[in-house]
Amino acid sequence: MLGDFSYCNPTRLYFGENALDNLAGELAEYGEKVLLVYGGGSIKRTGLYDQVVSILKESGKQIFEVPGVMPNPTLEKLYEGCEAARTHNADLILAVGGGSCCDYAKAVSASAWCGEDPWEKYFERGEEVDCRVIPVGCVLTMVGTGSEMNGGAVITNRTEKLKADLEFGESVFPRFTILNPRLTFTLPRYQMVSGIYDIFNHITEQYFSGEDDNTTDYIAEGLMRSLLHSSRIALRDPEDYEARSNIMWTATWALNSLLGQGKSTDWMVHMIGQSVGAYTDATHGMTLSAVSMAYYRFLMAYGLPKFKRFAVNVWDVDPAGKTDEAIAGEGLDRMEAWMEELGVVMNLRELGVTEDMLEGIADGTFLLTGGYKILTREEVITILKASM
Ligand code: NZQ
Ligand code: ZN
């Protein structure tokens, strides 16, 4: 554990079947104007919308709504939310939905009062938040992103064909999040497995970096083992509460900044996947699964000791009498077999990617430096081609 860091996570979580009972208590901490943000209608179909609205009304709140937050929220939609937050002078933004709604709420929180274009300020110039921040609370209905307990907000700029992760500090983290695993039972299977792969990839993005003996890597291995175990149960029975609750809890720890502490972290699957998302608007987790095997098979040679450890500690590969390459390769084979078992998308064509998009996707891929190999643009193209 060689890295120096400071760690604080300010989000209060309420976890369990009765977690929503805590919403009223939290609402009492904020003023009366609540901006309720939600997606394309799932919360109306499940009855959650009615439940939340009645709690808001009983708490004496004035409710203003921004419905229709789409998966992969756009910059135009962000402008709309900022306008609504300013017009109604919102005291709290309550996101009810998946990672897209939580991300969106945080982006509005940091942008409504920033007095300039948030894309230019936070993405192009990489500035810190220095304006009034509107507190955010979340009621999570889709598991995967970790957005419920972190400062990330991924926004898609359709004009520039860029999908960018705006990373905000503690002031923008959700103040509270309600996590009731039962709310995820209504997710279509496609979304459930996409979220499961998203979780797994959040862990590997942080695990595959560094050569030091790092406590965080042991935590990562435990989380991956739990996820593999619970995912197999959830595949057989999506209404197994124990499995779904473990998956929800793993998702939160996979990306609430804990696993990145003391590590450089990789994130190149996400960088490539996000650029694919900018071109296709595909489901986030599927953009990751589609490029993962090509990427990790390429990366293996550059981080062989960690890939060997991954094979043995996560996939129970028996190392006896085998070369390091064979052990590491067997680990990746088992990972691929698990992905197929999940039924996630394993190639880019299925997401609508065509050959003529590859150059643009490579251009939109941010090349990060924390992993075992700093990719060149040509290597990104090679990985994209191998993912077709
Ligand atoms: O819009 P509605 O009608 O609510 O339907 C949603 C949406 O179509 C549906 N859904 C959600 N909960 C449901 C449900 N349907 C039935 N029952 C439920 N209980 O699921 C669909 C996907 O929802 P979305 O919120 O888009 O999914 P997810 O949670 O995967 O969020 C994806 C966004 O998060 C970003 C992604 O890039 C993407 O924009 N990410 C955010 C991160 C962060 N903040 O740290 C990190 C991640 O790597 C990721 O990049
Ligand atoms: Zn992700």
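Which residue has a side-chain N or O atom 2.9 Å from an oxygen atom of ligand 1? In this predicted model, that residue is H270.

## Ligand 1 and its polar contacts

The contact with H270 pairs an oxygen atom of ligand 1 with an N or O atom of the side chain, at 2.9 Å. Ligand 1 has 960 Å² of accessible area on its own, and the protein covers 90% of it. A polar contact with the side chain of N150 also involves an oxygen atom of ligand 1, at 2.9 Å. At L183 the partner is a polar backbone atom, which lies 2.9 Å from a nitrogen atom of ligand 1.

## The shell around ligand 1

The shell around ligand 1 comprises 30 residues, of which G40, S42, G99, S100 and D103 are the closest. By class, 19 of the shell residues are polar, eight are nonpolar and three are charged. At least two shell residues come from each of helix 5 (99-111), strand 6 (152-157), helix 7 (189-207) and helix 10.

Because domain 1 (12-183) and domain 2 (190-386) both contribute residues to this shell, ligand 1 lies between them.

## The zinc site

H270 is also a donor to the zinc ion (ligand 2), through NE2. The other donors are D198 (OD), H202 (NE2) and H284 (NE2), and the coordination distances are 2.0 to 2.1 Å. Along the sequence, the donor residues follow the spacing D-x3-H-x67-H-x13-H. Within this set, H270 belongs to helix 10 (residues 268-280) and H284 to helix 11 (residues 284-299), with their positions 14 residues apart in the numbering. Both H270 and H284 are buried.

How values were computed:
Residues are numbered from 1 along each chain as its sequence is written. Chains are lettered from A and ligands numbered from 1 in the order in which they are written. This is a predicted model: local features need pLDDT of at least 70, side-chain atom pairs count only at pLDDT 80 or more; totals for chains, interfaces and linings use all residues. Side-chain values use heavy atoms; hydrogens and water are left out. Donors are N, O and S atoms within 2.8 Å of the metal (3.2 Å for Na, K and Ca); water is not among the atoms, so sites may look incomplete. Helices (H or I, at least four residues) and strands (E, at least two) are DSSP runs, numbered from the N terminus. Buried means under 20% relative accessible area, exposed over 50%, partly exposed in between (1.4 Å probe, protein chains only). A residue is near a molecule or strand if one of its heavy atoms lies within 4 Å of it. A polar contact is a pair of N or O atoms within 3.5 Å; within protein, one must be able to donate a hydrogen and the other to accept it, and residues adjacent in sequence count only if both atoms are side-chain atoms. Accessible areas come from the Shrake-Rupley method with a 1.4 Å probe; for residues, only the protein chains shown count as cover. Ala, Val, Leu, Ile, Met, Phe, Trp, Tyr, Cys and Pro count as nonpolar, Asp, Glu, Lys and Arg as charged, and the others, Gly among them, as polar. Domain bounds come from an automatic or database domain assignment.
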